[in-house]
Amino acid sequence: MRGRNLPFSSSMSAQIQRSNRSPLLLFTLSLLALSVLFILVFLSPSNPNPNPTSFHSPISSLKPETSFVVSLEHFLTHKAPKSPPLRDDTAPVAGDVEDASRKLDEALSEAEMERVVRDPYYPLGSPIRVYVYEMPWKFTYDLLWTFRNTYRETSNLTSNGSPVHRLIEQHSIDYWLWADLIAPESERLLKGVVRVHRQEEADLFYIPFFTTISFFLLEKQQCKALYREALKWVTDQPAWKRSEGRDHILPVHHPWSFKTVRKFMKNAIWLLPDMDSTGNWYKPGQVYLEKDLILPYVPNVDLCDSKCLANQQSKRSILLFFRGRLKRNAGGKIRAKLGGELSGADDVLIEEGTAGEGGKAAAQTGMRKSIFCLSPAGDTPSSARLFDAIVSGCIPVIVSDELELPFEGILDYRKIALFVSSSDALKSGWLLTYLRSFSAADIRRLQQNLAKIGGKLVNIKLHTRRSQRVVKESRSVCSCDCRRSNFTDSPPSSL
């Protein structure tokens, strides 16, 4: 519990850090609902006859929209304010910030004391209260409009040939989360999270800066300047100064986003695609499981629903499928090695390709015709391909020794995917022999689990112990106990 009227010091910061980890766990469980919706594309088809490349598709009022492009168009044209508010949350002048921080700390301490006295079981069963900053539009709405107005520029590619706008869609978890937090209560999906409009009522503070859009769509120096402005805007906030950012949530879901300044915000709770324990993208001391949250990629391909899965069952003639970039950095170098080992084998299809429109169609077709889908590391340990395979009903074969998965203690990935160590996967002939050893019953069981994961999740329990994790990482630098790297799953007979 926070002390009252204590001098602002490092000891108070430590108290604040400890007190805000409990809300973080509640927030994690609440985020599960939204994350599962992404993995399963909300478990239901989108609008009848949607056109994902059109900004004028009708939006159903009965079902949540799952296309980032269509949802964003509807949001900007029907829900977003037409002009900035007269006042946002820009901090007061420098001389008043310290006083504002002290007053906010006193108000938060009093509010928490009142809740403790009123409810002896607090915070058990209490919803998490999140304050969403009202930032200047150059950090929020202007960036969304930039994406909307440039989406059709399909020639906009990264240095390795990946379509920029498709990458933004993969990492659009920040948009979906923010749009839900600011939606009217009757339209909210995260029922366990309450948005508050007074900072003194908040457990956590959400920073709605679209770091991925700004990285990819702004000119390099313009982006760096905007990052510096965002850093100053946030760190000038009285609430940030009060806790040194430990109760602030920062979306940095693409590993390149916010890279030039994020070391100055390392105390915040980061929303990540993985922990990148290789240290190539997120440096040691900046990210770790006790502080940050891993959220899934948004799938590139369409959901293969129950009817689709039934129709495709007899058409899955390919044993193992992969389509993507074979030349990657860091842990992703294994892709080229696996490609060399597997190319030309019977019942195996290995294709070079990107995530553009043609690539999306080819990947979707290939996954729906395949029993197993290879999911190796990319530039970071994670890849959107895993979630593409899940929504396609194709059993993922994960070859990524350093991978951390979203909500490993809640979703049992061993029931829907195979984990293979890099050393085993690279043995000549080993991987295909292993996959062919699975009986029809084993395969059917995994496929049924893939289909059922979209159903109701019964008896969800939040496990925070690291020993509960599926993948045992082998970090060269870590903040807690290190464990051996990802190991190959048990033989099929023990499934």
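This report walks through a predicted model, from the whole chain down to a few of its residues.

**The chain as a whole**

The protein chain has 495 residues, and 56% of them are buried. Its secondary structure comes to 17 helices and 11 strands. If you take the contacts between residues at least 6 apart in sequence, 72% of them join residues at least 24 apart. The accessible surface adds up to about 21,700 Å², with carbon and sulfur atoms supplying 53% of that.

**Two covered helices**

Let's start with helix 7, residues 173-181. All the way along, 9 of its 9 residues are buried, so the helix is largely enclosed by the rest of the structure. The residues in question are Ile173, Asp174, Tyr175, Trp176, Leu177, Trp178, Ala179, Asp180 and Leu181. Note that Asp174 and Asp180 are on that buried list.

Helix 14, residues 385-392, is mostly covered too, with 8 of its 8 residues buried. Among them are Arg385 and Asp388, along with Leu386, Phe387 and Ile390. Right after helix 14 comes Gly393, with a positive phi of about 75 degrees.

**Aromatic pairs**

There are 24 aromatic pairs by the ring-centre rule. One of them brings Tyr133 and Trp233 together edge-to-face, with 5.5 Å between the centres and 90 degrees between the planes. Tyr133 sits in the loop between strand 1 (128-132) and helix 5 (141-150), while Trp233 belongs to helix 9 (residues 220-235), so this pair ties together parts that are 100 residues apart in sequence. Both Tyr133 and Trp233 are buried.

Another edge-to-face pair is Tyr434 with Phe438, at 5.2 Å centre to centre and 85 degrees between the planes. Tyr434 is buried at 8% relative accessibility, and Phe438 is buried at 6%.

Rings also link up into a bigger group. Ring pairs join Phe68, Phe75, Trp137, Tyr141, Phe147, Tyr175, Trp176, Trp178 and Phe210 into a cluster. Three of those names should ring a bell: Tyr175, Trp176 and Trp178 are among the buried residues of helix 7.

**Loop residues worth a look**

Several residues in loops deserve a closer look, and the table puts four of them side by side.

| Residue | Relative accessible area | Class |
|---|---|---|
| Glu244 | 35% | partly exposed |
| Phe258 | 1% | buried |
| Leu295 | 1% | buried |
| Tyr297 | 5% | buried |

Glu244 has a positive phi of about 60 degrees, although it is not a glycine. You'll find Glu244 in the loop between helix 10 (238-243) and strand 4 (248-251). Phe258 is another non-glycine residue with a positive phi, near 60 degrees. Its place is the loop between strand 4 and strand 5 (269-272). Where the two part ways is in their cover: Glu244 counts as partly exposed, whereas Phe258 counts as buried.

Leu295 and Tyr297 take us further along the chain. Leu295 lies in the loop between strand 6 and helix 11, and Tyr297 is found in the loop between strand 6 (293-294) and helix 11 (306-312). Each has a partner from far off in sequence. The C-alpha atom of Leu295 is 8.1 Å from that of Leu405, 110 residues apart along the chain. For Tyr297 and Leu167, 130 residues apart along the chain, the C-alpha separation is 9.8 Å.

Which residues does Tyr297 touch, not counting those up to four places away in sequence? They are Gln170, His171, His253, Pro273, Thr380, Ser382, Ser383, Ala384 and Phe387. Phe387 is one of the buried residues of helix 14.

**Cavities**

The structure holds 4 cavities of 30 Å³ or more. The second largest cavity has a volume of about 50 Å³. Its lining is made of Ser375, Pro376, Pro381, Ser382, Ser383, Leu386, Ile398, Ser400 and Leu403. By type, that lining splits into 5 nonpolar residues and 4 polar ones, with no charged residue.

This brings back some familiar names. Ser382 and Ser383 line the second largest cavity, and Tyr297 touches both Ser382 and Ser383. Leu386 is also part of the lining, and Leu386 is a buried residue of helix 14.

How values were computed:
Residues are numbered from 1 along each chain as its sequence is written. This is a predicted model: local features need pLDDT of at least 70, side-chain atom pairs count only at pLDDT 80 or more; totals for chains, interfaces and linings use all residues. Side-chain values use heavy atoms; hydrogens and water are left out. On a 1 Å grid over the protein atoms alone, a cavity is a set of points where a 1.4 Å probe fits but cannot get out, and a pocket is an open set with protein on both sides within 12 Å along at least five of seven lines; lining residues have an atom within 4 Å of a point. Grid points are joined across faces, edges and corners, and a volume is the space filled by probe spheres set on the points. Ala, Val, Leu, Ile, Met, Phe, Trp, Tyr, Cys and Pro count as nonpolar, Asp, Glu, Lys and Arg as charged, and the others, Gly among them, as polar. Buried means under 20% relative accessible area, exposed over 50%, partly exposed in between (1.4 Å probe, protein chains only). Helices (H or I, at least four residues) and strands (E, at least two) are DSSP runs, numbered from the N terminus. Contact means heavy atoms within 4.5 Å. Accessible areas come from the Shrake-Rupley method with a 1.4 Å probe; for residues, only the protein chains shown count as cover. Rings of Phe, Tyr and Trp (its six-membered ring) pair if their centres lie within 6.5 Å; planes under 30 degrees apart count as stacked, over 60 as edge-to-face and the rest as tilted.
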